[in-house]
Structures are given as structure tokens and as C-alpha cells.
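Open the model in your viewer and show it as a cartoon. This tour goes from stop to stop, saying what to select and what is there.

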Amino acid sequence: MKNIEAKFRYGDIAAIERKTRKLGARDMGLLHQCDTFFQAEHARLKLREFGDGRGELISYRRSDVPGGRESEYFVYHSTALEGLKAILEQALGTKGSVRKTRHLFLFRNTRIHLDDVEGLGTFVEIETVISGQDRADTVAEFEEVARILKLNPEDSVPVSYFDLLNGSGA
């Protein structure tokens, strides 16, 4: 699976929520997430726990550049998190974790995340999934959503929340 994604520091999360609702995005509710990152040689690897017994093992590759960038990812859904986490910790070792509350909105093929990240503050992340359309149409949708929400590529954060927490990014 692939998407075009970017994240932005955003102090006024209520203002961006109003813009997101005005856009017509569907409110999918609040998610409480804990992402544990593992040592991995060829991609980033994290186990996302939702706190209700459900989770996702996510492997992804993307460059750490500002603005919209393509990400290739794989997701494995699981309810056997305790055992899965123990195996990954033993085999790979952990790098650390990130906790956040995410308000998820959907607009066409775009996921809009309003994130409150423990230790970092508030962010907006947009991800437009490349699914059943060509890359140019995906980029056009991504850019349309960013424009309507007034998210400028030069204001984007090029690295992950984990990297920000550990001093590896802007």
C-alpha cells in the first residue's frame, strides 16, 4: 500500500478541526494510540496499540523530507498484542514509544489526523491513499486538502514523532 503524507505542527487544533468539518470530512472519532518502535534494518517498524486489545503492526518506508512524500507501508491487524510485542522485543529490540490522542477524519481518499502527542504538542497529519487512482490524482487530492486546510509544505515536519521526541528532527 502507498500514500502521500505530511505532518505539520499546529497550535490551534480547534481552528483546524473547524476547517476539517467545513471541508465535509467524516468524523471517525478519537483514538488513543501507543506506538512502540522496534530496531529494524530495512524499514521503520512499529506496533500500534489502541488500548482495547486491538492493534496493528506497521512497517513503512519513506524519506524524511518536508512536504508531501510517498510512503510505502504494510499493516497487520492483531488482537494478540502481548505475544506479538514480546516476540518483536526479543528478536529486534525496542527503540522507544510514542503516545498520542488522534482525532481521525476521512475525506475521499484522505485521512486527516488531528494529533495531540505526549511530550510534543499538537499536529495535523494528512495521508492520501493511492488506491484505484493514479499517482497524479492522489497528489492533486493531497494538495487540495492541504490548500483548503491552509497547510503549507514549507511548514511541514519531515520526521516521525519518535524522531522528534528523540532529538533526531526539526
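**Stop 1: a loop near the start of the numbering**

Select Gly-11, which sits in the loop that links strand 1 (2-9) to helix 1 (13-23). The model you are looking at is predicted. Is Gly-11 buried or exposed? Gly-11 has a relative accessible area of 75%, and the cut-off for exposed is over 50%, so Gly-11 counts as exposed. Now add Asp-116 to the selection and draw a distance between the two C-alpha atoms. The distance is 9.9 Å, although Gly-11 and Asp-116 are 105 residues apart along the chain.

**Stop 2: the whole chain**

Clear the selection and show the whole chain. How many helices and strands does the chain have? There are four helices and nine strands. Following the sequence from its beginning, they come in the order β-α-β-β-β-β-α-β-β-β-α-β-α.

Rotate the view to see the overall extent. The C-alpha trace spans about 45 × 35 × 30 Å along its principal axes. A compact globule of 170 residues would have a radius of gyration near 15 Å, and the chain, at 16 Å, agrees with that.

Next, switch on the surface. Its accessible area is about 8,900 Å², and carbon and sulfur atoms contribute 50% of that. Of the 170 residues, 46% are buried. Among contacts between residues with a separation of 6 or more, 62% join residues 24 or more positions apart.

Colour the charged side chains before moving on. The chain has 25 positive and 27 negative ones, and the centres of these two sets are 2 Å apart.

**Stop 3: strand 8 and its two partners**

Select residues 121-130, which form strand 8. Of its 10 residues, seven are buried, so strand 8 is largely enclosed by the rest of the structure.

Which way does strand 1 run relative to strand 8, parallel or antiparallel? The two run antiparallel and are joined by eight bridges. To see one pairing, select Ile-4 together with Thr-128, its bridge partner in strand 8.

Now add residues 110-117, which are strand 7. Strand 7 also pairs with strand 8 in the antiparallel sense, over eight bridges. Here, Arg-111 has Glu-127 of strand 8 as its bridge partner. Strand 7 is mostly covered, with six of its eight residues buried.

As you look at these strands, keep one general point in mind. In a regular strand, side chains alternate between the two faces of the sheet.

Follow the backbone from strand 7 into strand 8. These strands form a hairpin with three residues between them. In the turn, select Gly-119, whose phi is positive, at about 85°.

**Stop 4: strand 6 and the turn at Arg-108**

Select residues 94-107, which make up strand 6. Eight bridges connect strand 6 to strand 7, and the two run antiparallel. One pairing to select is Phe-107 with Thr-110, its bridge partner in strand 7.

Strand 6 and strand 7 form a hairpin with two residues between the strands. Select Arg-108, which lies in the loop between strand 6 and strand 7. What is the phi of Arg-108? It is near 50°, a positive value in a residue other than glycine. Arg-108 has a relative accessibility of 52%, so it counts as exposed.

**Stop 5: Lys-150**

Select Lys-150, in the loop between helix 3 (135-148) and strand 9 (156-157). Lys-150 is another residue other than glycine with a positive phi, near 60°. With a relative accessible area of 59%, Lys-150 is exposed.

**Stop 6: Leu-45**

For the last stop, select Leu-45 in strand 3 (residues 44-49). Why does Leu-45 count as buried? The cut-off for buried is under 20% relative accessible area, and Leu-45 has 14%, so it is buried.

Which residues does Leu-45 touch, leaving out those up to four places away in sequence? They are Thr-36, Phe-37, Phe-38, Ala-40, Leu-57, Ile-58, Ser-59, Leu-88 and Leu-92. Show their side chains around Leu-45.

Finally, return to Thr-128, the residue paired with Ile-4 at the third stop. From C-alpha to C-alpha, Leu-45 and Thr-128 are 20 Å apart in space, and they are 83 residues apart in sequence.

Technical notes. Residues are numbered from 1 along each chain as its sequence is written. This is a predicted model: local features need pLDDT of at least 70, side-chain atom pairs count only at pLDDT 80 or more; totals for chains, interfaces and linings use all residues. Side-chain values use heavy atoms; hydrogens and water are left out. Buried means under 20% relative accessible area, exposed over 50%, partly exposed in between (1.4 Å probe, protein chains only). The radius of gyration is taken over C-alpha atoms; the globule rule is 2.2 Å times the number of residues to the power 0.38. Contact means heavy atoms within 4.5 Å. Accessible areas come from the Shrake-Rupley method with a 1.4 Å probe; for residues, only the protein chains shown count as cover. Lys and Arg count as positive and Asp and Glu as negative; His and the chain ends are not counted. The place of a charge is taken as NZ of Lys, CZ of Arg, CG of Asp or CD of Glu. Two strands pair if DSSP finds at least two bridges between them.
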